[in-house]
Structure formats: C-alpha cells, structure tokens
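User: I'm new to this one and would like a quick tour. Could you walk me through a few spots?

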Amino acid sequence: MRKVENAIILAAGMGSRMVPLTYEKPKGLIKVRGETMIERQIRQLLEAGINSIVIVTGYLAEQFDFLQQKYAGKVACVYNPEYEAKNNISSLYLVRRYLKNTYLLSADNYYTQNIFRRQEDDRSWYCAVRSQTDKAEWGLQANEVGRITAVEKQAKKGQPYMYGAVFLSEEFSQSFRRILEQEYQNPENHGYLWEEILSRHIGELEIYIREESEQTVYELESLEDLRQFDRQYQECSGNWIMELIAKIFQVKEAEITDLRQQKLGLTNDSFLFSVKGLRYVFRLAGGG
C-alpha cells in the first residue's frame with residue numbers, strides 16, 4: 001500500500017459538446033444535483049484525506065479562482081495558456097512535475113459514490129466500466145491479472161473502456177513523465193489526448209483496470225446527458241439562451257433537442273438544435 005500524495009484535475013477545455021451552457025461557464029462549474037461537478041470531486045478527495053489538489057484551467061479560467069480561496073492551502077489553479085491550440089496533453093505536460101502517487105481526473109466526471117482512498121495498492125490503474133452496447137470510447141484489452149495490454153479507439157459490446165479516474169504510482173509517474181517529455185517535443189502530438197500517448201506506450205507502462213459499475217461513474221458531456229441524469233435540466237437549464245429559444249418558439253426547454261456545436265470563431269459561436277422535427281442554427285455574436 002502507498003499513500004496518495006495529490007490529485008490533478010484537468011479543467012482547461014471549452015466543453016463545446018455542452019453548448020449553450022458552456023458559453024457562460026466552464027463545464028466543471030456546471031451544477032449537477034445541486035453541486036458543481038468539480039466541487040463534488042474536491043469534496044470527495046478531501047473526505048478521503050487528499051489535501052493537495054491541482055486544477056489545470058484554461059477556458060474562462062478566472063471563474064475557478066474562488067476555489068483557491070474557498071479551499072485555501074488545499075487547492076491551487078494552474079493556467080494553461082495553450083488550451084485552445086492544443087489538446088489536454090498540453091495540460092498534463094504543464095503540471096508533469098506534480099505527478100507522484102497521484103489521482104488524475106477530469107472536471108466533467110461525476111461519481112455517485114466516493115471512489116477515492118487515502119491509500120492505494122502499489123499498482124497504477126485506470127477506471128473502467130462495461131457497456132451493453134458498442135461505445136465510441138477507449139476500449140481496453142487486459143491479461144489474466146487485469147494489466148492493460150492494448151487500447152482500442154472503439155469499445156465493443158461487453159468490453160471494458162476507459163471512464164473516469166486514474167491512479168498513477170510514483171514509479172509509473174516517473175516513467176510516463178519521461179515519455180511525455182519526449183513525445184511533447186514533436187508538435188504533431190500537441191493535438192492528442194494524453195491517453196493517446198499512454199496507448200502508444202502501453203507495452204512499456206504497467207497499468208491495470210479498476211472496474212466500476214455504470215451507476216458509479218458518469219461522464220456528462222452534453223445537455224442531453226444532463227437531462228437524463230438531473231431532472232431539473234428537463235424543465236429549466238437556467239441558461240438564458242435556452243430560455244430565449246423556448247420563448248421564441250413557444251415551447252418547453254425539453255422540446256429543444258439534439259444540440260451540437262457548429263462553429264468556434266473569433267467573433268461568434270454557433271450551434272445547431274432541433275424543435276418539432278426541424279433543424280435550426282443559433283448564432284451568438286461575439287465582441288467584434
């Protein structure tokens with residue numbers, strides 16, 4: 001057994017699949033069942049005795065600043081200025097020196113139960129769940145003792161797939177840090193998720209599956225996901241854009257469906273949505 005030293009929460013992304021809610025706030029600060037997703041994780045970590053938490057911010061970074069005051073001495077924010085141009089590999093590279101015996105988390109995960117512990121076994125692990133259908137998630141192959149041997153870009157029915165928290169041991173962190181620093185020197189890798197680097201070097205890195213149920217770990221990616229998980233979003237999202245669309249079409253918010261980001265531009269953001277079987281575009285003018 002080993003003491004968990006800290007946690008890193010990746011929260012720099014723009015959360016474009018959660019439009020239009022993320023036009024106003026980062027995805028990690030969206031409330032789910034009365035509590036923001038990132039504060040729920042912080043609370044669960046603190047309850048487990050993890051008192052050193054680093055949050056990597058980017059999009060609307062200033063909105064996370066209150067966490068440093070609210071959890072003084074326990075939470076620190078690190079700003080990633082390249083969050084728009086690069087993928088989350090840049091966020092992890094930025095805080096690579098914090099990789100020890102570490103939980104590595106995403107701000108948009110929701111855990112119905114506290115899966116964190118003060119001490120972990122010596123083995124590194126990636127949380128995984130199984131689904132009854134094919135999933136566009138990182139599918140995992142493992143040997144008889146659960147060590148991950150291959151990572152696939154599509155999970156087949158019944159196959160465990162990456163979903164949620166990661167625990168990295170000190171030894172794993174040292175090895176992965178060297179690989180990350182080497183891979184990051186190639187600009188072609190800057191558009192990757194950090195998991196792509198992991199999958200590329202899975203033969204060199206010893207990491208195991210920690211399987212959880214689908215009722216324990218949730219990744220809330222869209223407003224549709226929120227509506228299924230938190231009933232309040234079926235009636236009212238609290239978002240002025242959704243309220244405006246509902247008013248214009250004289251419908252309930254629940255009738256505004258299939259929301260998809262269309263464009264990210266310098267002067268406007270646009271998303272697609274459907275009302276009563278017809279497809280529309282909402283364009284939000286920017287400061288220009």
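**A tour in questions**

Analyst: Arg-43 has a relative accessible area of 31%, so it counts as partly exposed. Keep in mind that this is a predicted model.

User: Which residue forms a salt bridge with Arg-43?

Analyst: Look for a carboxylate whose oxygen sits within 4 Å of a side-chain nitrogen of Arg-43. Here the closest N and O atoms are 2.9 Å apart. The partner is at 19% relative accessibility, and since buried means under 20%, it counts as buried. That partner is Glu-35.

User: Which residues do salt bridges with shared partners join into one network?

Analyst: Start from the pair we just met, Glu-35 and Arg-43. Salt bridges that share partners bring in others as well, and the one network is made of Glu-35, Arg-40, Arg-43 and Glu-47.

User: How many of the eleven residues of helix H1 are buried?

Analyst: H1 covers residues 37-47. Among its buried residues are Met-37, Ile-38, Arg-40 and Leu-45. The helix is largely enclosed by the rest of the structure, because the buried count is eight.

User: And which residue with a positive phi follows H1?

Analyst: Helix H1 spans residues 37-47. After it comes a residue with phi near 90°, and that is Gly-49.

User: Is Glu-120 buried or exposed?

Analyst: Glu-120 is found in strand S9, residues 119-120. Setting aside neighbours within four places in sequence, its contacts include Met-1, Tyr-103, Phe-167 and Arg-210. Its relative accessibility is 1%, and the cut-off is under 20%, so Glu-120 is buried.

User: Which side chain joins that of Glu-120 in a polar contact of 2.6 Å?

Analyst: There are two polar contacts to tell apart. The side chain of Trp-125 makes one with the side chain of Glu-120 at 3.0 Å. The contact of 2.6 Å is with the side chain of Arg-117.

User: How many residues apart are Glu-211 and Arg-130?

Analyst: Their side chains meet in a salt bridge, 2.7 Å from N to O. The pair links distant parts of the chain, with Glu-211 in strand S14 (residues 207-211) and Arg-130 in strand S10 (residues 124-130), and the separation is 81 residues.

User: Why does Glu-211 count as partly exposed?

Analyst: Exposed means over 50% and buried means under 20%, with partly exposed in between. Its salt-bridge partner Arg-130 has 37% relative accessibility, so Arg-130 is partly exposed. Glu-211 is partly exposed too, because its relative accessibility is 41%.

User: What is the relative accessible area of Glu-212?

Analyst: The side chain of Glu-212 meets that of Arg-210 in a salt bridge, 3.1 Å from N to O. Arg-210 is buried, with a relative accessible area of 17%. Glu-212 is buried as well, and its value is 17%.

User: Which residue in the turn between S11 and S12 has a positive phi?

Analyst: S11 (residues 139-142) and S12 (residues 148-152) run antiparallel and are joined by four bridges. Gly-139 stands opposite Glu-152 in S12. The two strands form a hairpin with five residues between them, and the turn residue with a phi of about 90° is Gly-146.

User: Last one: how much accessible area do Trp-240, Leu-244 and Ile-248 have together?

Analyst: Take Ile-248, which lies in helix H8 (residues 240-249). Ile-248 is exposed, because its relative accessible area is 58%. With Trp-240 and Leu-244, Ile-248 forms a nonpolar patch on the surface, and together their accessible area is about 300 Å².

Note on methods: Residues numbered from 1 in each chain as written. Predicted model: local features only at pLDDT ≥ 70, side-chain atom pairs only at ≥ 80, totals over all residues. Heavy atoms only, no water. Buried < 20%, exposed > 50% of the residue type's maximum accessible area, 1.4 Å probe, protein only. Polar contact = N/O pair within 3.5 Å; in protein donor to acceptor, adjacent residues only side chain to side chain. Contact = heavy atoms within 4.5 Å. Pairing = 2+ DSSP bridges. Patch = residues over 30% accessible without salt bridge, like charges linked within 9 Å, V, L, I, M, F, W, Y side chains within 5 Å. Areas by Shrake-Rupley, 256 points an atom, 1.4 Å probe, with all protein chains shown as cover.
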